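The following points are offered for consideration alongside the coordinates. They concern the helices, a hairpin and individual residues.

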Amino acid sequence: MRMHPVSHKYPWHLAAIFIVLVLANISLGYLFYNNQKAHIKRERQEDLLAVADLKASQIATWRKERLADAEHILETSLIVRQVQSWLRHPGSPEVGREIFRWMQSLQRHYRYGSIFLLDAKGECRISSPEDGKTVKPGDRELAEEALKTGKVIFSDLHYSGTTREIRLALAVPLP
C-alpha cells in the first residue's frame, strides 16, 4: 500500500470566506445597533413631547381655573360690596371677621398660600393667614397695576424669600 503524500497547503480560500463573513457580520451588527439606537431615540423624544404637551395642557387648565376663581370673586357682588363698605368704614369688627373667614375659605378650598386684602394705598388690611400681613414689594406693585388696569394679573414664577418655594401671585382688583 502506498501512502499518498499529505498536502500541507493552507486553505486560503476558506480563511478568506471566513474573514468576509466575520466582516459582514460585524458590519450588519453595527448597522442594526445604529438603527435600534435611532429608533429608541425617536421613541424617547416622542414620549418626552407627549409629556411636555400634557404638562403644558395641565398648566393652561390650571391658569384658566385661577382666572375663573378671580372672575368668581369679581362677580360675587355681595362680597365686593361688603369689602368695599368695610374698607371705607372699618369700624365693624363683625364684617371684618366675615371677610377674614371668607378669605380663609378661599385659601383652604383653592389651596392658596396666602391671601391679602389691600386698600387703594397698597396697605394690607386683612391677610390669611393672619400673621402674613407683610406684602412683598413685587406683590404690592402687581396689586397697584391690577388696580390701575382693572384686570386680573398674574406675576411671573418666582422663588419665595425664605423657603425657596416657587410661587406665583395673582392680583384681583375689586372695582
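Two strands are taken to pair if DSSP finds at least two bridges between them. The model under review is predicted.

1. Strand 1 and strand 2 (residues 124-128) meet that criterion, pairing in the antiparallel sense over 4 bridges. Together they form a hairpin with 5 residues between the strands. Within the turn, Gly-122 has a positive phi of about 90 degrees.

2. The faces of strand 1 can be distinguished: Ile-115 and Leu-117 belong to the covered face, whereas Phe-116 and Leu-118 belong to the uncovered one. On strand 2, Ile-126 is the bridge partner of Leu-117.

3. Arg-111 merits attention in the loop between helix 3 and strand 1 (115-118). Its phi is near 60 degrees, a positive value in a residue other than glycine. Most residues other than glycine have a negative phi. Arg-111 is exposed, because its relative accessible area of 77% is over 50%.

4. Does the length of helix 1 (residues 12-75) agree or disagree with the expected span? At 1.5 Å a residue, its 64 residues should span 94 Å, and the end C-alpha atoms are 93 Å apart, so the two agree.

5. The buried residues of helix 1 are Ala-15, Arg-66, Asp-69, Ala-70 and Ile-73. Their cover includes helix 2 (77-88) and helix 3 (93-110), as well as strand 3 (153-154) and strand 6 (170-171).

6. Glu-141 is found in helix 4 (residues 137-149). With a relative accessible area of 53%, Glu-141 is exposed. Its C-alpha atom is separated by 23 Å from that of Lys-64, 77 residues away along the chain.

Methods: Residues numbered from 1 in each chain as written. Predicted model: local features only at pLDDT ≥ 70, side-chain atom pairs only at ≥ 80, totals over all residues. Heavy atoms only, no water. Helix = DSSP H or I, 4+ residues; strand = E, 2+ residues; numbered from the N terminus. Buried < 20%, exposed > 50% of the residue type's maximum accessible area, 1.4 Å probe, protein only. Expected span 1.5 Å × (residues − 1). Contact = heavy atoms within 4.5 Å.
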